[in-house]
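Thank you all for making time this morning. I would like to walk you through one model, beginning with a single residue and working outwards from there.

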Amino acid sequence: MGDDAALVVGLGNPGPKYENTRHNIGFMVADVLAGRVGGKFSAHKRSNADIVQARLDGRQVIIAKPRTYMNLSGGPVASLAKFFSVDPANVIVVHDELDLDFGTIRLKLGGGENGHNGLRSTSSALGTKDYLRVRMGIGRPPGRQDPADFVLKPFSATERKELDVWCEEGADAVELLLKLGLEGAQNRIH
């Protein structure tokens, strides 16, 4: 792959049980991106992920969904980055974010994982925290609900009404990162 190849990873949990849960917003955005390029996910056996290879905004891009559970996402991410020779600086991870209100999207490079097991696993496997992140805000759980339970629950009826548009906006954020870089994309989104 070329030097500017990018790896876009949507984080989530495999299987129908988790399909429509808050923790799977990364998978949902990856599905939107795959749809935009007319791609269908297929198994990449050497990485334990499903991928679509495409061109987005003139760049070679691998869109991926790890086939592991969230807390083991790093293995497939690192395997794909190595297989396709993608530098961590060109890895974009799309994930749910408790510390942002529902529907908010924020972009950043590196930083902490805020207790997110998928990010922790990815940072550990890549050997760095310096990869791009598309943070999809899901808000905090109501009352005293455990955050671990909250992220595995489906979106509320009110949230579901906005979900399709929000996933499109998440895909737009990924495309802006690819086209404009972090600062340019942040100026458009934040």
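Let me start with lysine 65, whose place is in strand β4, residues 59-66; strands here are DSSP runs of E with at least two residues, helices are runs of H or I with at least four, and both are numbered from the N terminus. Before going further, I should say that this is a predicted model, in which local features need pLDDT of at least 70 and side-chain atom pairs count only at pLDDT 80 or more, while totals for chains, interfaces and linings use all residues. Residues are numbered from 1 along each chain as its sequence is written, and side-chain values use heavy atoms, with hydrogens and water left out.

Is lysine 65 buried or exposed? Lysine 65 counts as buried because its relative accessibility is 13%, where buried means under 20% relative accessible area, exposed means over 50%, and partly exposed lies in between, with a 1.4 Å probe and protein chains only. Leaving aside neighbours within four places in sequence, lysine 65 is in contact (heavy atoms within 4.5 Å) with Gly10, Phe27, Ala30, Asp31, Phe41, Ala49 and Asp50.

One of those partners, glycine 10, sits in strand β1, residues 6-10, and is buried, with a relative accessible area of 1%. With neighbours within four places again set aside, the contacts of glycine 10 include Gly26, Ala64, Pro66 and Val94. The C-alpha atoms of glycine 10 and isoleucine 63 are separated by 7.8 Å, although the two residues are 53 apart along the chain.

Turning to the interior, the largest nonpolar core, meaning buried Ala, Val, Leu, Ile, Met, Phe, Trp, Tyr and Cys residues joined through side-chain atoms within 4.5 Å, has 36 residues, and Ile25, Trp166 and Val174 are among those with the most contacts inside it. Helix α5, residues 157-189, gives the most to this core, with ten residues. Apart from that core lies another, of 20 residues, among them Ala5, Ala49, Val91 and Leu119.

Leu119 brings us to helix α3, residues 117-126, where Gly118, Leu119, Ser121, Thr122, Ser123 and Leu126 are buried. The buried residues of α3 pack against α2 (74-83), β5 (91-97) and β7 (132-137), and just after this helix, glycine 127 takes a positive phi of about 80 degrees.
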